[in-house]
Amino acid sequence: MSRSLEMTGALLLALLPCALLSGCGGAAGNSSLPPGVVAIWGVPGCIDGAFVQPRVIDCLPDGAVFVIDRSGRVQFLDAAGKFLGKFTLKNIEKGYPTGAAVTPDGRVWIAETHAYRVGVYTRDGAELFAIGARGEGDGQFIYPTDVAVSPAGGIYVSDYGGPDRVQEFDPAGRFLRSYGVEGTEPGQFRRPMSVVVAKDGNWFVADSCNDRIQKFSPGGQCIGVFGKTGSADGELRYPYDLAIAPDGTIYIAEYGNSRVQRMTQDGKFLGTWGRLGSGPDELVHPWALAIDANNRLFILDTGNSRVVVLDPALARWSSPAKGQASA
């Protein structure tokens, strides 16, 4: 099967028209959950607190979490999963966002993928400004996929469909520089889906169609390439999102392997969590991740239209030595 057909089929999995979906929102949690699973939030549906194939999740400075789904809703939940409020994006006629970030001042930067721009919003949905337009020039986008914020305040935006690159902007949205082109060599990309910046300024890209993670210095030099196509320890299949924990661990949402993998920032394999399915310790094509100040890992279980809240310290990760589930 070709990659395009495989991904198209995967995206259609469990996707029903919004009018046919129903369910109750909010948090779910009980003592029968597997070790490390703190709670499971949401069900498929269009009511507040429910989700329709969500693609974006991130945390706000006050501990709240926001989720963007295929209905174009930006929903805000408190740390326990209680619905707080929402706004709906206007630029969704051709498609839906796949990434976002929050600056320390609370502004929400959303990669409006099929609108060829990054919109900057307040929490109540007021649009402050937007950057980008359709094109391949500096500061333009074809399909922007994600936004990341550096400790110095720089804004990184990953983009594919044209040059396949990462562009850097200042906090006001002014273009600074561009990194990479389409290709398979180090420093090149094939559909970069996520970018995340570590405390030391090094930044990492989920190079999804090359099935690898690339590491860059603050100046944009490629200083590491991790992973190859597959499902074994340290191998990847469509890595779609990255998150860095307070201790520096990198978590990877593998859309193609329906699991979360963790690595050191030098690419050492540390284990996997999850497998294909709809149980409380299973996932269907996870699209995105977020980590809060308490080191809770939020897994956007897109195919199941829910959020799995995980305590990584208590979860049962596969063994780095044997690649099998630990007891």
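Is cysteine 222 buried, partly exposed or exposed? Cysteine 222 has 25% relative accessibility and therefore counts as partly exposed, where buried means under 20% relative accessible area, exposed over 50% and partly exposed in between, with a 1.4 Å probe and protein chains only. Cysteine 209, at 13% relative accessibility, counts as buried. The number of disulfides comes to zero, a disulfide being a pair of cysteine sulfur atoms within 2.5 Å.

The model is predicted, so local features need pLDDT of at least 70 and side-chain atom pairs count only at pLDDT 80 or more, while totals for chains, interfaces and linings use all residues. Residues are numbered from 1 along each chain as its sequence is written, and side-chain values use heavy atoms, with hydrogens and water left out.

The sheets come next. Strands are DSSP runs of E with at least two residues, numbered from the N terminus, and two strands pair if DSSP finds at least two bridges between them. Strands of a sheet pair through backbone hydrogen bonds, either parallel or antiparallel. One open sheet has four strands in the order S3-S4-S5-S6, with antiparallel pairing. Its edge strands are S3 and strand S6 (83-88), each of which pairs on one side only. From one strand to the next the twist averages 20°; the axes behind such angles are lines fitted to C-alpha atoms, and angles run from 0 to 180 degrees between N-to-C directions. Within this sheet, strand S4 (residues 65-68) and strand S5 (residues 73-77) are joined by four bridges in the antiparallel sense. Valine 65 stands opposite leucine 77 of S5.

Another open sheet of four strands runs in the order S7-S8-S9-S10, again with antiparallel pairing. S7 and strand S10 (127-131) are at the edges with a single partner strand each, so one side of each has no neighbour in the sheet. Neighbouring strands here are turned against each other by 20° on average, direction ignored. Strand S8 (residues 108-112) and strand S9 (residues 117-121) run antiparallel and share five bridges. Opposite glutamate 112 stands arginine 117 in S9.

Further along the chain, S19 is largely enclosed by the rest of the structure, because six of its six residues are buried. S19 is joined by five bridges to strand S20 (residues 250-254), and the two run antiparallel. Two of the bridge partners can be named: aspartate 241 is matched with alanine 253 in S20, and alanine 243 with tyrosine 251 in S20. The hairpin of S19 and S20 has five residues between the strands, and in it glycine 248 takes a positive phi near 95°.

S20 is itself mostly covered, with five of its five residues buried. Ile250, Ile252 and Glu254 lie on one side and Tyr251 and Ala253 on the other, and all are buried, which leaves both faces covered. S20 also pairs with strand S21 (residues 259-263), in the antiparallel sense and over five bridges. Here isoleucine 250 has methionine 263 of S21 as its bridge partner. In the hairpin of S20 and S21, with four residues between the strands, serine 258 takes a positive phi near 50°.

Most residues other than glycine have a negative phi. Two loop residues depart from this sign. Phi of glutamine 53 is positive, near 45°, and this residue lies in the loop between strand S2 (37-41) and S3. Glutamine 53 counts as buried because its relative accessibility is 4%. Aspartate 164, with a positive phi near 50°, is found in the loop between strand S12 (155-160) and strand S13 (165-169). At 7% relative accessibility, aspartate 164 is also counted as buried.The last topic is the largest pocket, which holds about 1100 Å³ of space. On a 1 Å grid over the protein atoms alone, probed at 1.4 Å, a pocket is an open set of points with protein on both sides within 12 Å along at least five of seven lines, and lining residues have an atom within 4 Å of a point. Grid points are joined across faces, edges and corners, and the volume is the space filled by probe spheres set on the points. The largest pocket is lined by 49 residues, and the closest to its centre are Asp58, Cys59, Val102, Ile244 and Ile291. Strands that each supply at least two lining residues include S3 (56-59), S7 (99-102), S11 (143-149), S15 (192-197), S19 (239-244) and S23 (288-291). By class, the lining has 31 nonpolar, nine polar and nine charged residues; Ala, Val, Leu, Ile, Met, Phe, Trp, Tyr, Cys and Pro count as nonpolar, Asp, Glu, Lys and Arg as charged, and the others, Gly among them, as polar.
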